[in-house]
Amino acid sequence: MLENANSAGATPAAYDAVVIGAGPVGLACALEVQRRGLTVCVVDKGALVNSVVGYPTNMEFFSTPELLEIGGYPFPTAHYKPLREDALDYYRRVAVSEKLPLRLYERVLGLEGQPGAYEVVTEKGRLVARYVIVATGFFDVPNRLPVPGADAPHVSYYYKEPYLHMGQSVVVIGAKNSAAKAALQLVRAGAHVTLVVRGAAVSESVKYWIRPDLLNRIAEGRIKALYNTTVLGISAAGVAVSTPEGELLLPADYVYALTGYRPDYSLLEALGVSFQDDAARTPTHNPETFETNRPGVFLAGTVCGGLNTSRWFIENGRHHAAVIASQLGVK
Ligand SMILES: Cc1cc2nc3c(=O)[nH]c(=O)nc-3n(C[C@H](O)[C@H](O)[C@H](O)COP(=O)(O)OP(=O)(O)OC[C@H]3O[C@@H](n4cnc5c(N)ncnc54)[C@H](O)[C@@H]3O)c2cc1C
């Protein structure tokens, strides 16, 4: 159910709870809240499940379908592991079946008001809410390379599909699952791929069915891998790197810097959520209740882990929904 933005000067719409983020975890939270008889609205700056929309075309999830389910809805797929497209269809059908009120393409900018009477400030207006659930994930802010040329037009921090690159020289920066899968797809689509790895090896955390495939393509010379190598800069001439053997300029028609993502800390600050002084810069929240330093404002899903973006994912983050919803009082 798409909700209308309130026009300027109109009385703000009021809900028991506003969920920020229409990702899998935000949707799980909204349906748990609604099933307890409370009014809820989900606001997203993009499309429904916007992060999944941004994943590579036909990407296969690591999880089997039952581990991605929300609200008890079975996730039927013809595959052992669902594809991105299966998940897009599944989460849309859940949102429609539950008649979840949605405000899409409406970015949240901040949070005003008091506990029990918050005002969620969006780019289109204000929403009054007794409770706020922040499920904003981590996919919107890439870890940009701290080098000249990091934002050049032929550099992307998001990989979609390989077909633009047949016959091109493509440099892939990174050593985890996204970089490994992109390098494999690109070489199979006819690109000349160089993989730049900061550490001494492809990460051991790369899934057990992907890592040997990549290592075998490297061993047979179809993918060139440079280890212990850091990027110095990117220009039209190529990617300048520092290797144990000295500096090199790698030819690059295109560069995929798949160096990970981080939560939007400027948004969390605008919501009044503070951070811990730890390595993960963990947003302050009670790990039992998920309530933040602002009473009645909760975190859910990946955002809970701060810079440790692999701490919470769909499989385990979806369970935050029931924990949070059980604490919201019915008026
Ligand atoms: C390539 C890839 C493959 C993955 N595979 C798996 C897997 O197999 N299994 C698994 O469990 N996990 C997997 N993950 C991790 C998983 O997708 C994320 O952990 C998951 O998306 C977390 O869900 P979420 O709802 O917390 O956040 P997200 O899905 O990221 O949703 C956050 C939402 O918040 C919105 N938002 C952000 N800022 C604002 C704002 N200011 N105003 C309004 N809306 C905002 C975003 O647009 C987005 O829609 C994968 C991740 C990637 C990148």
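This report describes the chain as a whole, a parallel strand group, the surroundings of Phe138 and the shell around the ligand.

**Overall architecture**

The structure is a predicted model. Its chain holds eight helices and 17 strands. For 331 residues, a compact globule would be expected to have a radius of gyration near 20 Å, and the value of 22 Å for the chain agrees with this. Along the principal axes, the C-alpha atoms occupy a box of roughly 65 × 45 × 35 Å. Buried residues make up 42% of the 331. Among the contacts in the chain with a separation of 6 or more, 64% are between residues 24 or more positions apart.

**Strands β1, β2 and β3**

Strand β2 (residues 40-43) pairs with both β1 and β3. The pairings are set out below.

| Strand pair | Sense | Bridges | Opposed residues |
|---|---|---|---|
| β1 (residues 13-20) and β2 | parallel | four | Val19 and Val42 |
| β2 and β3 (residues 102-103) | parallel | two | Val43 and Arg103 |

The connection from β1 to β2 passes through α1, and this β-α-β crossover is right-handed. Within β2, Val40 and Val42 point one way, whereas Cys41 and Val43 point the other way. Such alternation of side chains between the two faces of the sheet is found in a regular strand. All four of these β2 residues, Val40, Cys41, Val42 and Val43, are buried. Val42 therefore combines a buried position with a place opposite Val19 of β1, and Val43, also buried, has Arg103 of β3 as its bridge partner.

**Phe138 and its surroundings**

Phe138 is located in the loop between β6 (125-134) and β7 (141-142). Although it belongs to a loop, Phe138 is buried, because 24 other C-beta atoms lie within 10 Å and the threshold is 20 or more. Beyond its neighbours within four places in sequence, Phe138 makes contact with Tyr261, Arg262 and Pro263, and also with Thr302, Val303 and Thr309. By comparison, the C-alpha atoms of Phe138 and Val255 are separated by 22 Å, with these positions 117 residues apart along the chain.

**The shell around the ligand**

There are 34 residues around the ligand, and those that come nearest are Gly21, Gly23, Val25, Gly137 and Gly301. By character, the shell divides into 15 nonpolar, 13 polar and six charged residues. Three helices, α1 (24-35), α2 (50-53) and α7 (314-317), each contribute at least two residues to this shell. Helix α1 thus supplies part of the shell and also lies on the path of the chain from β1 to β2.

Note on methods
Residues are numbered from 1 along each chain as its sequence is written. This is a predicted model: local features need pLDDT of at least 70, side-chain atom pairs count only at pLDDT 80 or more; totals for chains, interfaces and linings use all residues. A residue is near a molecule or strand if its C-beta atom, placed from the backbone, lies within 6 Å of it. Ala, Val, Leu, Ile, Met, Phe, Trp, Tyr, Cys and Pro count as nonpolar, Asp, Glu, Lys and Arg as charged, and the others, Gly among them, as polar. The radius of gyration is taken over C-alpha atoms; the globule rule is 2.2 Å times the number of residues to the power 0.38. A residue is buried if 20 or more other C-beta atoms lie within 10 Å of its own, exposed if 12 or fewer, and partly exposed in between; C-beta atoms are placed from the backbone. Two residues are in contact if their C-beta atoms, placed from the backbone, lie within 7 Å. Two strands pair if DSSP finds at least two bridges between them. A crossover is right-handed if, with the strands pointing away from the viewer, the path from the first strand over the helix to the second runs clockwise.
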